[in-house]
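Student: I'm new to this one. Could you give me a close look at the part where the helices pack together?

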Amino acid sequence: MGYARKVGWVTAGLVIGAGACYCIYRLTRGRKQNKEKMAEGGSGDVDDVGDCPGARYNDWSDDDDDNSENKGIVWYPPWARIGTEAGTRARARARARATRARRAVQKRASPNSDDTILSPQELQKVLCLVEMSEKPYILEAALIALGNNAAYAFNRDIIRDLGGLPIVAKILNTRDPIVKEKALIVLNNLSVNAENQRRLKIYMNQVCDDTITSRLNSSVQLAGLRLLTNMTVTNEYQHMLANSISDFFRLFSAGNEETKFQVLKLLLNLAENPAMARELLRAQVPSSLGSLFNKKENKEVILKLLVIFENINDNFKWEENEPTQNQFSEGSLFFFLKEFQVCADKILGIESHHDFLVKVKVGKFMAKLAERMFPKSQE
């Protein structure tokens, strides 16, 4: 009887908690429409910032992809052991509770509308849920609602004016990886706005630390990289990442293909800024960096990495800094490029690469590097 009473009380409490919110059905119906709307943002666009160089990357995040591996993730109570009859029933109740929560947040926000765009009053209700609730499944549903609405430019101002930025940023302190990922996605979509960026800059160090220390190739790490990429579309806040560039190169070398591409987008934004050339050259790079230039590596990865090197080479005044090269330590990107013969041995080995464009691009890069490091006047 004690066990049944305990389960009954817990179940009743969970049902009441879900009923307090009855959530996100209308928003989840609009997943594909929101995904298309997000895609319209394109690359290099920031609200009210003006034109950005073409090489800049602005990363939209779609937290609600129908194929997302997190779509079916549900929090299960500790007694829901797999393989037992009681566990099967408990897991079924947990799934039902999560479904009710997703529907509850939406209905509480907007009970009489089928439109996926929430009004300011409705957004205020969702923000209250994020601020007051401690239940992971309610937080996840509310953050999905905010993320979908933050895909629209006019809602980014509204959410900011409602005090939504610090409310969502506070969720970054959670230990729940799913909730943290959803919070990062909301901030990512909100960051495509000049005023929002000015207010979000105070969280960049925390996001950077969380991104670097998160499990390699995890969804939290990728969401953090996307947010940092958006925050570096312009030059204004790039200096805040100067001390983490070595870690980004480490993630690039160790990560899978998706992580490599996300890091490359971030590094490309930094490499476009002449003021960051010295910081990039100071960065410690893994010894395995040169080994990426091989036949097995993705062609796009190689080409983007070469563009980064070219931009750094173009933006750094080699002649003026030649006497001060002792400021660069062994193992830095500076010495990776400065040691021409070593670099040539590693990179020119790609001459046998099956892709003609890669071979041409490598040849041009090496010729430009040789001209900068060994000008004819010094021969």
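Tutor: Happy to! Helices here are DSSP runs of H or I with at least four residues, strands are runs of E with at least two, and both are numbered from the N terminus. By that count, the protein chain has 20 helices and 0 strands. This is a predicted model, in which local features need pLDDT of at least 70 and side-chain atom pairs count only at pLDDT 80 or more, while totals for chains, interfaces and linings use all residues. Residues are numbered from 1 along each chain as its sequence is written, and side-chain values use heavy atoms, without hydrogens and water.

Let's start with α13, residues 245-254, where Ile 245, Phe 248, Phe 249, Leu 251, Phe 252 and Ser 253 are buried (under 20% relative accessible area with a 1.4 Å probe, protein chains only; exposed is over 50%, partly exposed in between). Their cover includes α11, α12, α14 (257-271), α15 (277-282), α16 (299-315) and α18 (333-338). Across the protein chain, buried residues make up 51% of the 379 residues.

Two of those covering helices, α14 and α16, also pack on one another, with axes 9 Å apart at an angle of about 20 degrees (lines fitted to C-alpha atoms over the stretch in contact, angles from 0 to 180 degrees between N-to-C directions). They are therefore roughly parallel, a label for angles under 35 degrees, with over 145 roughly antiparallel, 65 to 115 roughly perpendicular and the rest oblique. In contact (heavy atoms within 4.5 Å) are Lys 260, Phe 261, Leu 264, Leu 267, Leu 268 and Ala 271 of α14 with residues of α16, including Val 301, Leu 305, Ile 308 and Ile 312. By class, this contact has 10 nonpolar, 2 polar and 3 charged residues (Ala, Val, Leu, Ile, Met, Phe, Trp, Tyr, Cys and Pro are nonpolar; Asp, Glu, Lys and Arg charged; the others, Gly among them, polar).

For a second pair, look at α5 (residues 120-132) and α6 (residues 136-149), whose axes come within 9 Å and cross at roughly 140 degrees. The contact joins Leu 123, Val 126, Leu 127, Leu 129 and Val 130 of α5 to α6 residues, among them Leu 139, Leu 143 and Asn 149. Here the contact divides into 10 nonpolar, 1 polar and no charged residues.

Finally, visit the loop between α11 (204-213) and α12 (219-231), the place of Asn 217. Asn 217 has a positive phi of about 70 degrees, although it is not a glycine. Most residues other than glycine have a negative phi. At 26% relative accessibility, Asn 217 counts as partly exposed.
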